[in-house]
Amino acid sequence: MPSRAFYPDLAAASVFVTGGGSGIGAALTRAFAAQTARVAFVDIAEEESRALVDAVAAETGVAPLFIPCDIRDVPALQAAVRRAGEVHGDVGVLLNNAANDQRHRVEDVTRAYWDDRMAINQRPMMFAAQAVLPMMKRLGGGSIVNFGSISWKLGNGGMPAYTMAKAAVHGLTRGLARDFGPFGIRVNTLLPGWVMTERQKALWLTPEAEAEMLKGQCLKIRIEPDQVADLALFLASEASSACTAQEFTVDAGWS
Ligand SMILES: NC(=O)c1ccc[n+]([C@@H]2O[C@H](COP(=O)([O-])OP(=O)(O)OC[C@H]3O[C@@H](n4cnc5c(N)ncnc54)[C@H](O)[C@@H]3O)[C@@H](O)[C@H]2O)c1
């Protein structure tokens, strides 16, 4: 891994990650734990999440708090946020990371499917933010990072529910940033490019797709989850204390 910054204000910070058990989320859990932050995360992938807890405990000496939770269940999500607050102290960093980029043909989309995509990719961001608001008010500030995607900027097809939800993240970020700003709470959107998680490699990485990616990117590299986590650390930390209501991209120059 390239050199990683250490942010003293993140030491002992109470951090809540959605989808923190695998993919970019696992890199977030690891990266914040390595800063000695107190990390809690929700996920539906129980086996991978428990393995990650053990691995991080071995690496850092401190186990993150894994709370099994399907973020489509809003009361359960909000209860998980409150539990993280009880165990680790008021949550000061919220990383709204979980999503699902399942492909779908327009002809096959039902209302129930559409609503389910929003229930995973859009709705939880709002209700997790609502749950951390009283805690961040007590703390006198906080940082919320909503995960977007460059897919809608590139005009990608094959998943309109996903691209709509991810475009909407920008509106949510800017609206919440305005409402939360008076309390010292910052809200930003982090847009990953194509990041080489295990899921992406297993499902979508073909030689042709990689050639297209490398043609589009200015930098001829494969983006790794840690490179996204590096930006999340900066946005969570007071190092970005005047940054709010903005979009920050890690895409090697593709979009
Ligand atoms: N990997 C990429 O190339 C890429 C590109 C653009 C944007 N992003 C965004 O970055 C974020 C992370 O992406 P990723 O590639 O790591 O995704 P991923 O699918 O690899 O991981 C998502 C995590 O969320 C969990 N999750 C999914 N549905 C859940 C639910 N209903 N309840 C609780 N947990 C659930 C999964 O189990 C998994 O651990 C997402 O917001 C995604 O849209 C990723």
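Residues are described as buried where their relative accessible area is under 20%, and this criterion is applied here to a predicted model. In helix α1, the residues that meet it are Ile24, Gly25, Ala26, Ala27, Leu28, Thr29, Ala31, Phe32 and Ala33. Because nine of the twelve residues of α1 are buried, this helix is largely enclosed by the rest of the structure. Helix α1 spans residues 23–34 and reaches 17 Å from its first C-alpha to its last, a length close to the 16 Å expected at 1.5 Å a residue. Just after α1, a positive phi of about 65° is adopted by Thr36.

The strands of the model are arranged in an open sheet of seven, with parallel pairing and the order β3-β2-β1-β4-β5-β6-β7. The edges of this sheet are occupied by β3 (65–68) and β7 (247–250), each of which has a single partner strand, so that one side of each is left without a neighbour in the sheet. From one strand to the next, the twist averages 20°.

At the β3 edge, the pairing can be followed in further detail: strand β2 (residues 38–43) runs parallel to β3 and is joined to it by four bridges. For Asp43, the bridge partner in β3 is Pro68.

Helix α9, formed by residues 225–236, lies across four of the strands, namely β4 (93–96), β5 (142–147), β6 (185–192) and β7. With respect to β6, the helix runs at about 165°.

Terms used: Residues numbered from 1 in each chain as written. Predicted model: local features only at pLDDT ≥ 70, side-chain atom pairs only at ≥ 80, totals over all residues. Heavy atoms only, no water. Helix = DSSP H or I, 4+ residues; strand = E, 2+ residues; numbered from the N terminus. Expected span 1.5 Å × (residues − 1). Buried < 20%, exposed > 50% of the residue type's maximum accessible area, 1.4 Å probe, protein only. Pairing = 2+ DSSP bridges. Axes fitted to C-alpha atoms, helices over the stretch in contact; angles between N-to-C directions. Contact = heavy atoms within 4.5 Å.
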